[in-house]
Amino acid sequence: KVYVVWMDDVPAAFGAMFVGSGTAYLGPAVTRSEFRRRGAQTALIRHRIREAARHGCALIVTETADDSDEEPNPSTRNLLRAGFEVAYRRANWRIDLSPWST
């Protein structure tokens with residue numbers, strides 16, 4: 001399911017959630033740049049936690065990139081503030097596509 005936060009009659013942010021076998025997965029989430037730092041993702045995280053509980057989930061999982069001084073990640077900080085704990089870390093791969101851009 002996808003949840004949307006509306007601000008000023010505009011879809012400002014969304015967050016997805018999948019529920020199955022008593023577990024909820026908080027999937028992709030994004031906030032439009034002009035609406036950042038206004039609490040949309042915090043509201044979406046809280047709402048999805050409540051929805052997971054309403055569906056009888058005993059476990060909620062998610063994933064995001066690590067947070068660091070060099071590359072701050074607001075998503076990581078929002079999830080930690082909501083009560084999530086880091087279960088493990090894994091490598092995050094990326095590719096620079098600039099050589100292929102026109």
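The charges make a good place to begin: this protein carries 14 positive and 12 negative charges, and the mean positions of the two groups lie 6 Å apart. Keep in mind as you look around that the model is predicted.

Now step back to the whole chain. Along its principal axes, the C-alpha trace of the protein spans about 50 × 40 × 25 Å. About 7800 Å² of the protein is exposed, and carbon and sulfur atoms supply 54% of that area. What share of the 102 residues is buried? Buried residues make up 25% of them.

Next, follow the chain from its start. You will meet two helices and four strands, and along the sequence they come in the pattern β-β-β-α-β-α. The strands come together in one sheet. Strands of a sheet pair through backbone hydrogen bonds, either parallel or antiparallel. Here the four strands form an open sheet in the order β1-β2-β3-β4, with mixed pairing. Which strands sit at the edges? They are β1, residues 2–7, and β4, residues 59–62, and each of these pairs on one side only. If you compare neighbouring strands of this sheet, they are turned by 25 degrees against each other on average, direction ignored.

Let us look at one pair in the sheet. Strand β2 covers residues 10–20 and strand β3 covers residues 23–31; the two pair in the antiparallel sense over seven bridges. To find your place in this pair, look for Gly15, which stands opposite Ala29 in β3.

What packs on this sheet? Helix α1, made of residues 40–54, does so, touching β1, β2, β3 and β4. The direction of helix α1 makes about 30 degrees with that of β2.

Finally, travel further along the chain to Ala82, found in the segment after α2, which covers residues 74–81. Is Ala82 buried, exposed or partly exposed? Its relative accessibility is 35%, so Ala82 counts as partly exposed, since that class lies between under 20% for buried and over 50% for exposed. Leaving aside residues up to four places away in sequence, Ala82 touches Ile45 and Ile49. Ala82 and Thr42 are 40 residues apart along the chain, yet their C-alpha atoms are separated by 7.7 Å.

That brings us to contacts across the whole protein. Among contacts with a separation of 6 or more, 46% are between residues 24 or more positions apart.

Note on methods:
Residues numbered from 1 in each chain as written. Predicted model: local features only at pLDDT ≥ 70, side-chain atom pairs only at ≥ 80, totals over all residues. Heavy atoms only, no water. Pairing = 2+ DSSP bridges. Axes fitted to C-alpha atoms, helices over the stretch in contact; angles between N-to-C directions. Contact = heavy atoms within 4.5 Å. Buried < 20%, exposed > 50% of the residue type's maximum accessible area, 1.4 Å probe, protein only. Areas by Shrake-Rupley, 256 points an atom, 1.4 Å probe, with all protein chains shown as cover. Lys, Arg positive; Asp, Glu negative; His and termini not counted. Charge placed at Lys NZ, Arg CZ, Asp CG, Glu CD.
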